[in-house]
Amino acid sequence: MTTEPPHEQQLLPGIRYRTERRQRLVTHTVNGDPEQVEEDYDVLVPVPPRDWDRVVMTAVTVVAAGLLAIAIIWSVASIGDLLARAVLAPIAYLAASAFALVWISCMALEWLARYNADRAKGPRTAGTVALIADMAAVAAHGHLEDSLYVGIAGAAVSAIAKYMWSTVMRHQARPLPELTRRWLAKREADITARLALAGQLRTLARVEGQAAVYAAPSAAQALQDNGQDTPGQLSPTVLSAVRAIRTTVPDLSHDDVLAHLDTLGLDYDTDTVLTVLDNEDSRSPGPRPVITPTGQTVTDSIRTAMSSGVQDKDKVVSYVHQIHGTGVPRSTIVRVFNRELGRTA
């Protein structure tokens, strides 16, 4: 083991040093075979001066904690004995502890809000009210025991303990500049808003999951939620528009409803809209039966309309629906119409 002499470390005058044992790698050779091994050596490390501010602050904190413990014990003993006149002693002393715990908890909240003066006002006011109630109960106990002065002295213990802790907190608090305080408040508000939004989104997701399990889907939802990624899924906007049009003008035909949707400039799937309209018509009371001429097919009706000079596709669809009913898909009518139109061209 090698020890470095203190004079080789350039010791500074007036500085205290302590010896520390450290390790370093050195090359040690045995029988001509070198190897890196650890070697212990001592160094002198400067000892920082004692932080008397920290020592004093620690001592003051210990004194404040002692006063707080004394205040709690005195309050619980006095108020518990006072309440024991009406209830059982265990219940009385348990309730008595609430008087002291309330204003102590308010002081803790006040300390947590030390960087926000507006938020700290609430706990400070509540703590003061709770302290007054605690002191009044202790004084009342002394009065009932014919020792009012003892009660007042006991109440003063709680006041002194709170004042001591308030002094310690004010000494340790570091007030922020006004601009920094506003910056911190704004940043805290943004983070709190994100947390609140995340909580609400989790709640909505949970409710939506419960609704999917327990709530029966409507006919329109059943059409949309078919497990397929196709244009046949009707959007809530289009569905609301369809229902609004049918409510406003109940006697409109399906093609008139589609015309209104075109006027509104909505992007929709024709077959899905017609299916929704057919489902709503099937649920509506008093459906008007459609009488189809015997032996007349959809193709015959389309040819009849075209031979009468009707060349508009929507009018042909409306004509076919009037004869054969709305159960005939629009896509089928349009396909036959385009085929017949190509033949006559």
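## A guided tour, beginning at helix 2

Select helix 2 to begin: its 24 residues should span 34 Å at 1.5 Å a residue, and because its end C-alpha atoms are 35 Å apart, the two values agree. The expected span used here is 1.5 Å times one less than the number of residues in the helix. Helices (H or I, at least four residues) and strands (E, at least two) are DSSP runs, numbered from the N terminus. What you have open is a predicted model, in which local features need pLDDT of at least 70 and side-chain atom pairs count only at pLDDT 80 or more, while totals for chains, interfaces and linings use all residues. Residues are numbered from 1 along each chain as its sequence is written, and side-chain values use heavy atoms, with hydrogens and water left out.

**The whole chain**

Zoom out before going further: the chain has 12 helices and three strands. Of its 345 residues, 27% count as buried, where buried means under 20% relative accessible area, exposed means over 50%, and partly exposed lies in between (1.4 Å probe, protein chains only). Among contacts (heavy atoms within 4.5 Å) between residues at least 6 apart in sequence, 59% join residues at least 24 apart.

**Helix 2 and its kink**

Return to helix 2 and centre the view on Ala100, where there is a kink of about 30°; the bend at a residue is the angle between axes fitted to the seven residues ending there and the seven starting there. Ala100 is also one of the buried residues of helix 2, and among the others are Ala92, Ala96, Trp103, Ile104, Met107 and Glu110. Show the neighbouring helices as well, since the buried residues of helix 2 pack against helix 1, helix 3 and helix 4.

**The core among helices 1 to 4**

Next select Leu68, Trp103, Ile104, Met107 and Trp165, which are the residues with the most contacts inside the largest nonpolar core, a set of 14 residues. Helix 1, helix 2, helix 3 and helix 4 each supply at least two residues of this core. A nonpolar core is a set of buried Ala, Val, Leu, Ile, Met, Phe, Trp, Tyr and Cys residues joined through side-chain atoms within 4.5 Å. With Leu68 picked alone, its contacts are Trp103, Ile104, Met107, Ala161 and Trp165, not counting residues up to four places away in sequence. A second, separate core of 11 residues includes Ile302, Val316, Val317 and Val334, and the tour comes back to that part of the chain below.

**Helix 3, the loop after it, and helix 4**

Select residues 117-144 to see helix 3, whose 28 residues reach 41 Å from the first C-alpha to the last, close to the 40 Å expected at 1.5 Å a residue. Its buried residues, including Pro123, Gly127, Leu131, Asp134 and His141, pack against helix 1 (52-83), helix 2 (89-112) and helix 4 (148-172).

Step on to Asp146, which lies in the loop between helix 3 and helix 4; its phi is near 60°, a positive value in a residue other than glycine. At 72% relative accessibility, Asp146 counts as exposed. In helix 4 itself, pick Ser166, which is buried, with a relative accessible area of 13%. A distance label between the C-alpha atoms of Ser166 and Ala64, 102 residues apart along the chain, should give 9.6 Å.

**Strands 2 and 3, and two charges over rings**

Move to Asn31, in the loop between strand 2 (17-30) and strand 3 (33-46). Phi of Asn31 is near 55°, again positive in a residue other than glycine, and at 81% relative accessibility Asn31 counts as exposed.

Show the side chains of Arg24 and Tyr41: the charged end of Arg24 sits over the ring of Tyr41, 4.3 Å from its centre. Then show Arg50 and Trp52, where the charged end of Arg50 sits over the Trp52 ring, 5.6 Å from its centre. A charge sits over a ring if NZ of Lys or CZ of Arg is within 6 Å of the ring centre and within 35 degrees of the ring normal.

**Helices 10 and 11**

Finish with Val298, which is found in helix 10 (residues 298-307) and touches Val320, His324 and Val328, not counting residues up to four places away in sequence. The C-alpha atoms of Val298 and Val336, 38 residues apart along the chain, are separated by 8.6 Å.

Helix 11 (residues 313-324) has 12 residues and reaches 16 Å from its first C-alpha to its last, close to the 16 Å expected at 1.5 Å a residue. Among its buried residues are Val316, Val317, Val320, Ile323 and His324. Helix 11 is followed by Gly325, whose phi is positive, near 95°.
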